[in-house]
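Here is a friendly walk through how the parts of a protein chain meet. Take a look at the structure first, and then read on.

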Amino acid sequence: MNLKQQAGIEAASHVKDGMIVGLGTGSTAKYMVDEIGRRVKEEGLSIIGVTTSNATEKQALELGIPLKGIDEVPYVDLTIDGADEISADFQGIKGGGAALLFEKVVASYSKQCIWIVDQSKLVEKLGAFPLPIEVVPYGHQQLVHLFTKKGFDPTLRLDESGNILTTDGGHYIIDLHLKVIEEPIAFGEYLDSLVGVVEHGLFLNLVSTVIVGKESGVETIQALR
Ligand code: 5RP
């Protein structure tokens, strides 16, 4: 079993009967969704899933996991999702899989969030992973120019065919190659203030439990919040 799979399966054991569960996106989350699907089928686990992308919705439906939309539930009990980087103080970058907007909406209305990663995602400070910014198509080149002037080294994300990637929400993604983000909270506030930015991939103060797949075994770490 690989490290992402170990973390995904361990996280699925946190899901209890009757829960409304946010189902994340990406290769690690895929293992968690598979395991929840197995538990629904083989153990009779009764949950409602709320998906964070079209890809996860398709997977969950194929597995027979009952689903509702985020606007059809009063809240989400627990969201389990992957991450691209997690710093020592439990802040994260997400959006490598282009699902950051829906992931952040679901996480924000969740009572608890767990991130599942392999050990390569743990870093001292955020920023080596390009920071995804989801933007409206109208005026996106203006934001590219602005980020270039600021020295953020932006690239507009393309899909496998070389066309501009469009997110599930119908937006574009600009990746910022920042190397290090010294003050994530202040930088997140700056990004929030920009017209045309729909959401950014800094996920701050959202998670207090991280399940890490390590060569030595799965480890669950808790933030002191
Ligand atoms: C998608 C995400 C993913 O959770 C993140 O990119 C991690 O993906 P993976 O588990 O495939 O490494 O934020 O938008």
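The report below covers the domains, the area they bury, and the polar links between them.

## Two domains

This is a predicted model. The domain assignment splits the protein chain into domain 1, made of residues 3–122 + 204–215, and domain 2, made of residues 131–199. Measuring from C-alpha centre to C-alpha centre would be a fair start: domain 1 and domain 2 lie 24 Å apart by that yardstick.

## Where they touch

How many residues of each domain are in contact with the other? Domain 1 brings 15 residues to the contact, and domain 2 brings 15. Together, domain 1 and domain 2 bury about 1,100 Å², and 68% of that area is on carbon and sulfur atoms.

Three residues stand out on the domain 1 side. Ala98, Leu100 and Leu101 supply 41% of the area that domain 1 buries against domain 2, more than any other three residues.

## Polar links and make-up

Between domain 1 and domain 2 the count is one salt bridge. Lys104 forms a salt bridge with Glu199, and their closest N and O atoms are 2.8 Å apart. Four residue pairs are in polar contact between the two domains, counting pairs with both residues at pLDDT 80 or more.

Which helix gives the largest share of the side of domain 1 that touches domain 2? That is helix H4 (residues 100–108), with four residues. Sorted by class, this side of domain 1 has six nonpolar, seven polar and two charged residues.

Technical notes: Residues are numbered from 1 along each chain as its sequence is written. This is a predicted model: local features need pLDDT of at least 70, side-chain atom pairs count only at pLDDT 80 or more; totals for chains, interfaces and linings use all residues. Side-chain values use heavy atoms; hydrogens and water are left out. Domain bounds come from an automatic or database domain assignment. Contact means heavy atoms within 4.5 Å. Buried area is the accessible area (1.4 Å probe) that two parts lose on being put together, summed over both. A salt bridge is a side-chain nitrogen of Lys or Arg within 4 Å of a carboxyl oxygen of Asp or Glu. A polar contact is a pair of N or O atoms within 3.5 Å; within protein, one must be able to donate a hydrogen and the other to accept it, and residues adjacent in sequence count only if both atoms are side-chain atoms. Helices (H or I, at least four residues) and strands (E, at least two) are DSSP runs, numbered from the N terminus. Ala, Val, Leu, Ile, Met, Phe, Trp, Tyr, Cys and Pro count as nonpolar, Asp, Glu, Lys and Arg as charged, and the others, Gly among them, as polar.
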